[in-house]
Amino acid sequence: MRRLWPEPAGELSDGELLAAYPRAAGPLLRVNMITSLDGAATLEGRSGSLGGPADQDLMKRLRMQADVVVVGAGTIRVEGYGATLLDEQAQAWRVAHGLTPHPRFAVVTRGGDVPEKFFADPPALPIVITYASAPHAYPDAAEVIDCGDSSVDPVVMVAELAARGLSQILCEGGPHLLGSLVAADLVDELCLTVSPTLAGPGSVRIVAGPPSAPHRMTPAHVLTDGTHLFLRHTR
């Protein structure tokens, strides 16, 4: 991976790459998404189809520094998430840096349809984020947090996670979840991978939902592995 902007440009060591995506001194809601050159969030129905090895490596590094990884139930189903997000080497890095071996993993669901893989042999207590009137039928091992009465309120969600000491939040989508975070002006940082792919018409964008006010962000850096671009924007 090499830096294209800002100066100094050039190859990044493993340590420099991690330092380019630091844990914040205070609360942080970081979003990691991918898009095609023409704005598609998926290719053949999956965002993973737009990525590559460097994209997967960066995702691991972002997870290594998070207290909790938050994903919508639909994205978990489509992308085939399991309960374990990090390998042993990454977990050892976390322990060496004073963190728990594995970040908490939270699923946001409206209808209660969460794949069984999410609850299978979890390395940390899984979290189900839902609302009071939604279906509640989950394994006893899961922590269920109601974040509203008739829908998930993203402001309440962030506050509830922070109250549990989970202030470094990494959201990996999907578009409806990100749309609600953008509408509530909760996104502190966007890490966006740009795939060198023209997906063509028909795919959704990385945000979905009702229109909301625009929010400007500040570019922090541009990296590349020679094919994909890795953009980081902050408040």
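These questions and answers look at some charged residues in this predicted model and at the words used for them.

This is a predicted model, where local features need pLDDT of at least 70 and side-chain atom pairs count only at pLDDT 80 or more, while totals for chains, interfaces and linings use all residues. Residues are numbered from 1 along each chain as its sequence is written, and side-chain values use heavy atoms, with hydrogens and water left out.

Q: Why is Arg-232 called buried?
A: Buried means under 20% relative accessible area, exposed means over 50%, and partly exposed is in between (1.4 Å probe, protein chains only). Arg-232 comes out at 13%, so it counts as buried.

Q: What makes the pair Glu-189 and Arg-232 a salt bridge?
A: For a salt bridge, a side-chain nitrogen of Lys or Arg has to be within 4 Å of a carboxyl oxygen of Asp or Glu. Here the N to O distance is 2.9 Å, so the pair fits the rule. Glu-189 sits in strand E9 (residues 189-194) and Arg-232 in strand E11, so the bridge ties together parts 43 residues apart in sequence. Strands are DSSP runs of at least two residues (E), helices are runs of at least four (H or I), and both are numbered from the N terminus.

Q: Is Glu-189 buried or exposed, and how do you know?
A: Its relative accessibility is just 2%, so Glu-189 counts as buried.

Q: Why do Glu-79 and Arg-46 count as a salt bridge?
A: Their side chains meet at 3.3 Å, N to O, and the limit is 4 Å, so they pass. Glu-79 is in helix H3 (residues 73-79), and Arg-46 is in the loop between strand E3 (28-35) and helix H2 (53-64), 33 residues apart.

Q: What makes Glu-79 buried or exposed?
A: Glu-79 has a relative accessible area of 18%, so the word is buried. Its partner Arg-46 has 32%, so that one is partly exposed.

Q: How do you know that Arg-77 and Asp-113 form a salt bridge?
A: The N to O distance is 3.8 Å, and the cut-off is 4 Å, so this pair counts too. Arg-77 is in helix H3, and Asp-113 is in the loop between strand E5 (104-108) and strand E6 (127-130). Arg-77 is partly exposed because its relative accessibility is 42%, and Asp-113 is partly exposed at 47%.

Q: How many salt bridges does the rule give?
A: The count comes to 14. Arg-104, Glu-143, Glu-160 and Arg-164 are linked in a network of salt bridges.
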